[in-house]
Amino acid sequence: MKNIINVRPVTDDNVTVAEGLRFECQPGCTECCRQRGFVYLTEDDIVRAATFLGMQPADFETRFVYRTRNQIRLRVPRDASCHFLNGEGCGIHPAKPTQCRIFPFWPELVESRRAWKKTAREYCPGMGKGPLIQIDIARAQAAEMRAAYPGMY
């Protein structure tokens with residue numbers, strides 16, 4: 001079955017993203033997990049990850065979470081990669097945080113062809129490969145990201 005997309009201009013540079021929105025995570029690639037930056041969490045992310053690891057959410061939070069008045073995020077380990085990255089990939093893959101699960105369909109990437117291509121060029125070999133993704137599906141993922149992190153978007 002072919003993916004049919006709705007082509008509409010959605011970018012700041014007035015070029016549609018839809019014409020080239022392809023993504024297929026590449027086997028063994030963990031480059032997104034190795035990027036500098038923060039992994040933001042929702043309350044549900046904490047419960048899901050803790051449950052997956054067989055921990056109480058409070059214990060998970062004590063060990064892995066940094067919380068401010070406005071944000072919740074994973075603590076940054078000394079080596080700057082993710083706490084859960086191991087030789088096989090993500091150690092909490094079935095319960096990974098919303099931000100990780102939605103990548104690369106973050107609003108800033110879905111809405112800008114330039115940002116999508118830059119991310120593909122710099123560290124994500126799966127962007128631009130695989131099946132054409134329906135733009136409405138990508139936009140729904142971006143909307144979920146906005147809803148999960150309202151103070152950021």
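Which element supplies the largest share of the lining of the largest pocket? The legends below take up this question after an overview of the chain.

**Figure 1. Overview of the protein chain in a predicted model.** The protein chain holds six helices and six strands. Read from the N terminus, these elements follow the order β-α-α-β-β-β-β-α-α-α-β-α. The chain has 153 residues, and 35% of them count as buried. Contacts between residues at least 6 apart in sequence include many that span the chain: 70% of them join residues at least 24 apart. The protein chain exposes about 9,400 Å², with carbon and sulfur atoms supplying 51% of that area.

**Figure 2. The largest pocket and its lining.** The volume of this pocket is about 960 Å³. Its lining consists of 47 residues, and those nearest the centre are Cys32, Cys33, Val39, Cys100 and Phe103. By class, the lining residues are 29 nonpolar, eleven polar and seven charged. Two elements that each supply at least two lining residues are β5 (89-90) and α3 (98-102). The opening question is answered here: α3 gives the largest share, three residues.

**Figure 3. The second largest pocket.** About 160 Å³ of space lies in this pocket. One part of its lining is formed by Tyr40, Leu41, Thr42 and Glu43, another by Asn70, Gln71 and Ile72, and a further part by Ala148, Tyr149, Pro150, Gly151 and Met152. The lining of this second largest pocket has seven nonpolar residues, four polar ones and one charged one.

**Figure 4. The largest nonpolar core, with Ala138 in close-up.** This core has 19 residues, of which Phe103, Phe105, Trp116, Met127 and Ala138 touch the most other members. Both α4 (107-110) and α6 (135-148) supply at least two residues of the core. The largest share, four residues, comes from α6. With residues up to four places away in sequence not counted, Ala138 touches Leu21, Phe105, Val110 and Ile133. A second core, separate from this one, has 13 residues, including Val39, Ile46, Phe64 and Leu74.

**Figure 5. The cis peptide bond before Pro104.** Most peptide bonds are trans. The bond from Phe103 to Pro104, however, is cis, and its omega is near 10°. Pro104 sits in the loop between α3 and α4. Phe103 also appears in two earlier views: as one of the residues nearest the centre of the largest pocket, and among the core residues that touch the most other members.

**Figure 6. Thr30, a loop residue.** The loop that holds Thr30 runs between β1 (22-23) and α1 (43-53). Is Thr30 buried or exposed? Thr30 counts as buried because its relative accessibility is 12%, and the cut-off for buried is under 20%. Apart from neighbours within four places in sequence, Thr30 is in contact with Leu85 and Gly89.

**Figure 7. Pro94, a residue of another loop.** Pro94 is placed in the loop between β5 and α3. Its relative accessible area is 64%, so Pro94 is exposed, the cut-off for exposed being over 50%. Along the sequence, Pro94 and Ala49 are 45 residues apart, while in space their C-alpha atoms are 8.6 Å apart.

Terms used
Residues are numbered from 1 along each chain as its sequence is written. This is a predicted model: local features need pLDDT of at least 70, side-chain atom pairs count only at pLDDT 80 or more; totals for chains, interfaces and linings use all residues. Side-chain values use heavy atoms; hydrogens and water are left out. Buried means under 20% relative accessible area, exposed over 50%, partly exposed in between (1.4 Å probe, protein chains only). Contact means heavy atoms within 4.5 Å. Accessible areas come from the Shrake-Rupley method with a 1.4 Å probe; for residues, only the protein chains shown count as cover. A nonpolar core is a set of buried Ala, Val, Leu, Ile, Met, Phe, Trp, Tyr and Cys residues joined through side-chain atoms within 4.5 Å. On a 1 Å grid over the protein atoms alone, a cavity is a set of points where a 1.4 Å probe fits but cannot get out, and a pocket is an open set with protein on both sides within 12 Å along at least five of seven lines; lining residues have an atom within 4 Å of a point. Grid points are joined across faces, edges and corners, and a volume is the space filled by probe spheres set on the points. Ala, Val, Leu, Ile, Met, Phe, Trp, Tyr, Cys and Pro count as nonpolar, Asp, Glu, Lys and Arg as charged, and the others, Gly among them, as polar.
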